[in-house]
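User: I am new to reading protein models and would like to work through this one by asking about its parts in turn. Could you reason through each answer with me?

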Amino acid sequence: METKRFSIQDIDAAAAAIRGGQLVAFPTETVYGLGADATNVDAVKKVYAAKGRPSDNPLIVHVAHPEMVAQYAEVSPEAATLMKAFWPGPLTIILPIKPHALAPEVTGGLQTAAFRLPDNSATRRLIETAGVPLVGPSANTSGKPSPTTADHVLHDLNDKIAGVLDDGPTTVGVESTVIDMTVNPPAILRPGAIDAAMLEPIIGPVQTEAHHVAASEVPKAPGMKYKHYAPNAQVIVVAPTDFVAALRDYQSRTEHVGILATDEILAQLPPELATFSLGHDVRTAAQALFAGLRYFDNHPNVQFVLAQVFPTVGLGSAYMNRLLKAAGGARFDSGRV
Ligand code: TXA
Ligand code: MG
């Protein structure tokens with residue numbers, strides 16, 4: 001099947017493909033999602049197959065209006081308040097499902113499901129025109145960095161899906177915050193652009209502890225246990241003040257070292273390196289992170305990528321969560337050299 005690139009003028013054709021049980025990737029403010037009719041079990045199964053995703057990792061249900069959620073889940077007053085405050089936006093809300101409302105393929109067999117109303121008007125029109133909610137995991141091959149452009153989607157899924165709705169690069173760049181509203185106090189299962197400091201004035205205290213889960217346990221957010229965002233090179237996380245020392249250390253092992261850092265850091269380093277700019281602050285860094293990780297996959301010589309640390313506050317927590325997964329936890333320790 002040749003994958004079509006739909007423009008935002010082609011919503012009707014994209015919606016027809018969805019209604020026909022096919023897969024169409026869609027843009028959101030965070031990353032591109034791999035869309036399928038959430039009420040069509042065969043279509044949902046195709047999503048797992050196209051991504052190579054383990055079937056116990058549940059999918060987010062994307063809606064066009066907050067009212068669509070009540071058909072499938074119990075919406076508490078607190079959950080309704082969150083929707084009002086943050087939707088459309090990068091917040092995914094876990095709710096208890098109504099019996100038999102969603103196929104087990106969508107929820108990974110859980111009695112809860114994840115809902116999100118993305119801040120992209122073309123995608124909201126797509127959902128409305130299709131007339132069904134869309135499942136939408138990130139539209140990458142499982143284990144690879146999430147896609148922030150239609151080209152990233154095509155790189156991973158060309159010929160495996162019917163189409164991709166191209167609305168240019170995404171703006172936030174890291175996936176939505178996932179908040180579990182089925183526990184008390186509510187728990188952030190995945191950090192994103194909407195952090196505890198933004199949620200707490202609306203719903204009171206939330207749990208933010210990192211959920212470290214061994215592969216054998218049943219985790220709260222099943223997706224968190226799998227290898228993620230991994231480029232071919234080994235990523236090493238480096239503090240802004242350590243780049244010169246880290247470069248000296250890694251260049252003593254190989255001449256093929258890549259740098260993923262802000263312009264300010266790049267300006268301090270020798271010009272002949274393979275580099276990808278993270279722009280100038282945490283906002284541009286979050287936007288560019290996955291594109292940067294993918295960039296070094298196109299430079300197969302690069303063995304190590306030295307990637308910049310940001311403070312773990314606000315969006316920085318989401319950025320560092322993804323970067324540390326990409327690095328498998330590897331950090332440059334300046335005391336070591
Ligand atoms: O920004 C995003 O959320 C993007 C865009 C496309 O909307 N989507 C996305 O989907 O990141 P995905 O499938 O890559 O990540 C969904 C996360 C996974 O970690 C999954 O395990 C978790 O949400 N999740 C889904 N349903 C859940 C549930 N019922 N309980 C706990 N975690 C759940
Ligand atoms: Mg994903």
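User: In which sense do strand β12 and β14 pair, and over how many bridges?

Analyst: In this predicted model, strand β12 covers residues 257-261, and Leu260 has Ala307 in β14 as its bridge partner. Taken together, the pairing of β12 with β14 is in the parallel sense, and the number of bridges is 4.

User: Which strands stand at the edges of the sheet that holds β12 and β14?

Analyst: This open sheet has 4 strands with parallel pairing, and their order is β11-β14-β12-β13. A strand at the edge has a single partner strand, so one of its sides is left without a neighbour in the sheet. The strands in that position are β11 and β13 (274-277).

User: Which helix packs on this sheet, touching β11, β12 and β14?

Analyst: Within the sheet, neighbouring strands are turned by 20° against each other on average when direction is ignored. The helix that touches β11, β12 and β14 has a direction making about 170° with that of β14, and it spans residues 243-251, which identifies helix α8.

User: Is α11 mostly covered or mostly open, and how many of its residues are buried?

Analyst: Helix α11 runs over residues 315-326 and reaches 17 Å from its first C-alpha to its last, close to the 16 Å expected at 1.5 Å a residue. What covers its buried residues includes β11 (234-238), α10 (282-297) and β14 (304-308), and among those buried residues are Tyr319, Met320 and Arg322. The helix is mostly covered, and the buried count is 9 of its 12 residues.

User: Why is Leu315 called buried, and how many other C-beta atoms lie within 10 Å?

Analyst: Leu315 has its place in helix α11, and it touches Ala193, Val282, Arg283 and Ala286 when residues up to four places away in sequence are not counted. A residue counts as buried if 20 or more other C-beta atoms lie within 10 Å of its own. Leu315 meets this condition because the number of other C-beta atoms within 10 Å is 23.

User: What separates the centres of domain 1 and domain 2, taken over C-alpha atoms?

Analyst: The chain is divided into domain 1, covering 4-225, and domain 2, covering 234-336. Their contact takes 12 residues from domain 1 and 16 residues from domain 2, and on the domain 1 side these residues divide into 5 nonpolar, 6 polar and 1 charged. The separation of the two centres, taken over C-alpha atoms, is 28 Å.

User: Which are the edge strands of the open sheet formed by 10 strands?

Analyst: The order of this sheet is β1-β8-β2-β3-β7-β4-β6-β5-β9-β10, and its pairing is mixed. An edge strand here pairs on one side only, which applies to the strands β1 (4-6) and β10 (187-190).

User: Which residue in β8 stands opposite Arg5?

Analyst: The strands β1 and β8, the latter made of residues 163-165, pair in the parallel sense over 3 bridges. Within β8, the residue opposite Arg5 is Val164.

User: Which helix lies across β1, β2 and β8?

Analyst: Helix α2 (residues 41-51) lies across β3 (33-37) and β7 (134-135), running at about 155° to β3, so the strands asked about call for another helix. The helix across β1, β2 (24-26) and β8 covers residues 150-157 and runs at about 165° to β8, and its name is α6.

Terms used: Residues numbered from 1 in each chain as written. Chains lettered and ligands numbered in written order. Predicted model: local features only at pLDDT ≥ 70, side-chain atom pairs only at ≥ 80, totals over all residues. Pairing = 2+ DSSP bridges. Helix = DSSP H or I, 4+ residues; strand = E, 2+ residues; numbered from the N terminus. Contact = placed C-beta atoms within 7 Å. Axes fitted to C-alpha atoms, helices over the stretch in contact; angles between N-to-C directions. Domains from an automatic or database assignment. Nonpolar A, V, L, I, M, F, W, Y, C, P; charged D, E, K, R; others polar. Expected span 1.5 Å × (residues − 1).
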